[in-house]
Amino acid sequence: EMGLNSPSNHFEIMSKAIEPEVCIITNIGSCHIENFTDKAHILECKLKCAEHMSEEDGLLLLNADDELLMNADYRHKVKTFAVESRKADYYCKDVKSSNSSIDFIAVCPDRELQIHLNVPGKHNIYGALAAIAVADKFGIGDEQIQNKRNTSECLYCSR
């Protein structure tokens, strides 16, 4: 997770230090727009997170609902996720939400998964779809992706 608040952010320095295998860009918004020329400038700065990512093995995950992200050219392998677009590699259908959770079917390139999130809000589907794409890249199985742990349960032990 790297936040961008100005063009002088350290995305390229961080990319060099980390050499990421995956970079996710969830959107090109207007937050801190006063520090940039325009949204295209924000995109240019955000893409520095992938500056030192392998062009052969790296994966750039992009929100297909963001028009600016979809109209740019990339040198890395790209996969997309979306809540609205059905043209994305990963998208959702049959969304059912309550005050405390959200359920949906994640449509993946080769299968569909029933997903339950213990948080409300359609906006949380974006992160879940991106996480499924990352899990696919690293060979994490569907059972782990769909694991419905109690949120009070420790992820690393049996407590």
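## From one bridge to the whole sheet

In this predicted model, Cys92 has Ala106 in strand 5 as its bridge partner. That pair is one point along the seam between strand 4, residues 90–97, and strand 5, residues 102–107, two strands that run antiparallel and are joined by five bridges. On its other side, strand 5 pairs with strand 6, again in the antiparallel sense, over six bridges, and within this pairing Ile102 finds its bridge partner in Leu117 of strand 6. Strand 5 and strand 6 together form a hairpin, with four residues lying between them.

These pairings belong to an open sheet of six strands, arranged in the order 1-2-3-4-5-6, whose pairing is mixed. Strand 1 and strand 6 (112–117) are the edge strands, each of them pairing on one side only. On average, and ignoring direction, neighbouring strands of the sheet are turned by 20° against each other.

Strand 6 also shows how the two faces of a strand can be told apart. In a regular strand, the side chains alternate between the two faces of the sheet. In strand 6, Leu113, Ile115 and Leu117 make up the covered face, whereas Glu112, Gln114 and His116 make up the uncovered one. Leu117, the bridge partner of Ile102, therefore belongs to the covered face of strand 6.

Helix 4, residues 124–137, lies across strand 1, strand 2 (59–63), strand 3 (77–82), strand 4, strand 5 and strand 6, and runs at about 135° to strand 4.

Elsewhere in the chain, helix 2, which spans residues 39–46, contributes His41, Ile42, Leu43, Cys45 and Lys46 as buried residues. The partners against which the buried residues of helix 2 pack are helix 1 (11–18), strand 1 (22–25) and helix 3 (67–70). At the start of helix 2, a side-chain oxygen of Asp38 comes to within 3.2 Å of the backbone nitrogen of Ala40.

Taken as a whole, the protein has five helices and six strands, and its elements follow one another from the N terminus as α-β-α-β-α-β-β-β-β-α-α. Of its 159 residues, 36% are buried, and the protein exposes about 9,700 Å², of which carbon and sulfur atoms supply 47%. Among the contacts between residues at least 6 apart in sequence, 45% join residues that are at least 24 apart.

How values were computed:
Residues numbered from 1 in each chain as written. Predicted model: local features only at pLDDT ≥ 70, side-chain atom pairs only at ≥ 80, totals over all residues. Heavy atoms only, no water. Buried < 20%, exposed > 50% of the residue type's maximum accessible area, 1.4 Å probe, protein only. Contact = heavy atoms within 4.5 Å. Areas by Shrake-Rupley, 256 points an atom, 1.4 Å probe, with all protein chains shown as cover. Polar contact = N/O pair within 3.5 Å; in protein donor to acceptor, adjacent residues only side chain to side chain. Pairing = 2+ DSSP bridges. Axes fitted to C-alpha atoms, helices over the stretch in contact; angles between N-to-C directions.
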